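Reader: I'm new to this one. Could you walk me through it?
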Amino acid sequence: MEKALYLTSCFHHTSARHLGTPTSTDPSTIPYRILTSLHFINTNTRTFVLNSIRKKKVKKRLFDFDRRSVLLATMAGNEGTTLNSDIRSGKMIFEPILEEGVFRFDCSADDKNVAFPSISFEKPKVRDTPIIDVGKLPNYVPTFECVMGQQTVNIEFPPNTSFYGTGEVSGQLERTGKRIFTWNTDAWGYGPGTTSLYQSHPWILVVLPNGEALGVLADTTKRCEIDLRKESNIKLISPSSYPVIIFGPFASPTDVLASFSRAVGTIFMPPKWSLGYHQCRWSYDSDARVREIARTFREKDIPCDVIWMDIDYMDGFRCFTFDQERFSDPKSLVEDLHQNGFKAIWMLDPGIKKEDGYFVYDSGSEKDIWIQTADGKPFVGEVWPGPCVFPDYTQSKARSWWANLVKDFISSGVDGIWNDMNEPAVFKTVTKTMPESNIHRGDAELGGYQKHSHYHNVYGMLMARSTYEGMKLGNEEKRPFVLTRAGFVGSQRYAATWTGDNLSTWEHLHMSISMVVQLGLSGQPLSGPDIGGFAGNATPKLFGRWMGVGSMFPFCRGHSETDTIDHEPWSFGEECEEVCRIALRRRYRLLPHIYTLFYMAHTRGIPVATPTFFADPEDLELRTHENSFMLGSLLIYASTGKDEELYQTKHKLPKGIWLSFDFEDSHPDIPAMYLKGGSIIPAGPLYQNVGEANPTDSLLLLVALDEQGKAEGCLFEDDGDGYGYTKGQYLLTTYVAERQSSVVVVKVLKAEGSWKRPNRRLHVKLLLGKCAVIEAWGTDGELLQISMPSESKVSDLVSDSEKKLRIRIESSKHIPDSDNVSGHKGTELSGTPIEMKSGDWVLKVVPWIGGRIISMEHLPSGTQWLHSRVDVNGYEEYSGVEYRSPGCSEEYSVIERDIEQAGEEELVKLEGDIGGGLVIERKINISKDNPKVFQIDSAIVARKVGAGSGGFSRLVCLRVHPMFNLLHPTESYVSFTAIDGTKHEVWPESGEEIFEGSRLPNGEWMLVDKCLGMGLVNRFNIREVYKCLVHWGTGTVNLELWSESRPVSKDNPIKISHQYELRSEK
């Protein structure tokens, strides 16, 4: 009998159950492109389906090809093999573009013709124009397969190749074993296994075993799967047709990123004040509160340059308005902030309230610039103001309209603008965004008239571009500063970014280093996390440690969510406040170095923050090191674990000379600093804000000699704002140092720019290691000689300094570890979840709040299935039919924890008192006999039910309530066969459904993700389960199991036993 064909449509808004005639002129919407992935049982089925699908003729956009293109196609050796009319495969054709060592690959000449214009390239024609007289051939030629409108690209590399980049991604630094999907998503509370965050960068930095590197760009705006699960192999899957650009191999990763930046553009030159510390909260709800925050920073002598205004400054969340009671005079507020050395940044979201009489809505409607539904009407979606319409930034007239609104807006004294919610995020929908069938009437150079599925990933970038251009219109003498949550390759040309709505956990502190570095390796050097975590309450130790690391990130901002405790630097006690003060003072002293790095990033595409292995790309061990990073030649070594002590562990350093130093401010909660031998970095005096600096202030040079006794470094100086530097109004100084016998000579090697060197004092610290230095003073621009003491004297200096450093560390006031929870028998309740790792699963359990499971990661697939934070959601259990009835928030005791052997079997038994003499017992077990499955056995048990009640408790119901994360909401559904034999598919549009009686699943139901080709199977005992409930939320689904409702006694508890397993559907 013919076996069933399973169809998936991971990359198109229309699923296999909604096949129909396309209504737009988008050439990508022909029927055979709707089915984006096939799972075949046998060849006969495959042939039948391929031959039965009608193909619709489309008019292709043709481009001229010169003879060079044909020659290069021949050089590639194979334009592809046609298996039948719908399947092609082979090696990709190629041509050199941009510069030597950069190649564009396409599946065929026809595919090259129909590829959409590049939005990632700063100059799109560069991607489409081959260069001539290039004799070099590519080292790596991808292979492709095109099936039913899906283009799959494979690139093989040598063993021990390492992967990085992929943009804004959580989890590990080295990406082997990971799979992500580029689909900009409002990912509040994301975890290490989340596969789609706020930005999309279909870009991989490849580091070969010998330290050489290359970059791979899938130049498509559509949803793209980047599959790195197979060692030393890249697989890219996205709708046809898109080119792949390979940069290199080049001698080093830095060379690859410099070449990449010449294609996609470099970071805008940030105003210097934007590199200071930023203080933010959702929300400082009045101008009085903003003034109080500013005043407290100055009173406490904590450096800060910027205060941010979240959405509550607006009148009813209407963009470009101010609340007339709480922010009645924004100009006066900004003037006060400016007088005290602060800048002001204000939020603007894309959702415009649909309200007649609101000037923004009226003017946008008049110009007809809203995104439309498939039937040509303005799309209306719910966001903060209520029903909203959304500007179509793919149209030049919409970008101009927005830019002029921004131009008028900054007349109120706005120094910078924050673009949030621009994935775009939409409330009350399972996808968290607008329908992919919505229509953009885009400019021809961007791709023209297309569905939202084509422009979704670049929506935030185009909004940031419009905002940036509006700020330039408003004041051409100032550099714009824009922060965007959503982005794409090339967003750095217009905006900085941050790592989104993270959590106040140690895990997120640790991840923040890798996330910032990955963005830098993807072309976006100006980024940072919400220091302290956005969601949840930080503890003093967590906040202080995070500020220590965060103060060294390129973008440095503290931010926290509404309804959390205060998260300002002084909010966690004196010890934490002092750590924050030290950390931020250190940042301000290093601003001359950081600003110089940004000039290099802006002009040359060199990253600001890089992984430590950049100092020695051949060191395979360093390639996975996540506790340190580099700012140029400055290495920052941090402690990101709650129980890790920085000075009690050995620091893994690259080969060569690395000299530790400080500003006599070392502290156990602040990272250690090392300077690479052969380097000179500039530093300055201490300021409270960047505006206090003066060119005549003394200049400090930190010098670390290499094995040859030499060192070199740069300092860039200009006005710190404006565009004078583009006209030569700057000073770029290269300093050198060289040991000549017993003297070290420090001098200016060369200088660029028209600025005259300031008359200032020069202070040089020659680093010896262990924070020991030899100091000398002179005049900047003049030769300075430093007499070197004897080797024995140097040894004594280092020894004495090491003793002082140890005393300084030991005498430091440690931040109290105040987040301990009172312990119970057999458990660790220190605020750190219990981790169960065995077989295919890693689970994290929080005993002290509901005994909940907050993480459920499947190791072979790298997928995270639970949507949770520590205090809510995830896997919960209730003792009644009411939502969040007792059981989900009580403190549980850990009765037993058995680890038979790490990696083989794990068992945890919990018990929580739910009142009335009742407890919930829960056993979680991953068996070595069946490591693909984990089992949960739960029960409501009567412990102390009084005799007056007849030994029976109140009426209870055991309600199992897991909240699962939907990685691909529109392509996920629940499937099961009921007791009566009927088959069911429950899709998100159903909202909520209850199944009981004969419609109850017959002991098993499955959450299917068609994009992943996987299903999460939940098996249960139908004698124990009386009702199953499916509830679809925003990007989530609950699959609940309910027991019967009845009293319990000691001899008659209520039980539910069930298990989870991930099953491949491919």
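**Salt bridges, a helix and a buried acid**

Author: Arg318 has a relative accessible area of 15%, so the residue is buried. Bear in mind that this is a predicted model.

Reader: Which side chain does Arg318 meet in a salt bridge?

Author: That of Asp315, at 3.6 Å from N to O. Asp315 is partly exposed, with a relative accessible area of 35%.

Reader: How many salt bridges are there in the whole structure?

Author: A search finds 61. One of them is between the side chains of Lys932 and Asp840, at 3.7 Å, N to O. That pair links distant parts of the chain, 92 residues apart: Lys932 is in the loop between β54 and β55, and Asp840 is in the loop between β45 and β46.

Reader: Are Lys932 and Asp840 buried or exposed?

Author: Lys932 is partly exposed, at 45% relative accessible area. Asp840 counts as buried, at 14%. Elsewhere, salt bridges that share partners join Arg104, Asp106, Arg127, Asp128 and Asp219 into one network.

Reader: OK, helices. What is the span of α7?

Author: Its end C-alpha atoms are 18 Å apart. That agrees with the 18 Å expected for 13 residues at 1.5 Å a residue.

Reader: What do the buried residues of α7 pack against?

Author: They pack against β17, β18 and α8. The buried residues themselves are Asp287, Val290, Ile293, Ala294, Thr296 and Phe297.

Reader: And which residues of α7 form a salt bridge?

Author: Glu299 and Arg295 do, at 3.9 Å from N to O. They are 4 residues apart in α7, so about one helical turn separates them. Glu299 counts as exposed at 58% relative accessibility, while Arg295 is partly exposed at 46%. Just after the helix, Asp301 takes a positive phi of about 60°.

Reader: Change of topic. Which side chain of opposite charge is nearest to Glu626?

Author: Arg175, but it is 7.2 Å away, and Glu626 is buried with no salt bridge.

Reader: What does the side chain of Glu626 make a polar contact with, then?

Author: With the side chain of His510, at 2.9 Å. A polar atom of the Glu626 side chain also lies 2.8 Å from the backbone nitrogen of Leu173. Glu626 itself sits in the loop between β32 and β33.

Reader: Last one: how many residues has the largest nonpolar core?

Author: It has 167, and Phe247, Tyr313, Trp346, Phe481 and Phe629 have the most contacts inside it. Helix α16 gives the largest share, 8 residues. Another core, of 55 residues, lies apart from it and includes Leu918 and Ile940.

Key:
Residues numbered from 1 in each chain as written. Predicted model: local features only at pLDDT ≥ 70, side-chain atom pairs only at ≥ 80, totals over all residues. Heavy atoms only, no water. Helix = DSSP H or I, 4+ residues; strand = E, 2+ residues; numbered from the N terminus. Expected span 1.5 Å × (residues − 1). Buried < 20%, exposed > 50% of the residue type's maximum accessible area, 1.4 Å probe, protein only. Contact = heavy atoms within 4.5 Å. Lys, Arg positive; Asp, Glu negative; His and termini not counted. Salt bridge = Lys/Arg side-chain N within 4 Å of Asp/Glu carboxyl O. Polar contact = N/O pair within 3.5 Å; in protein donor to acceptor, adjacent residues only side chain to side chain. Core = buried A, V, L, I, M, F, W, Y, C linked by side-chain atoms within 4.5 Å.
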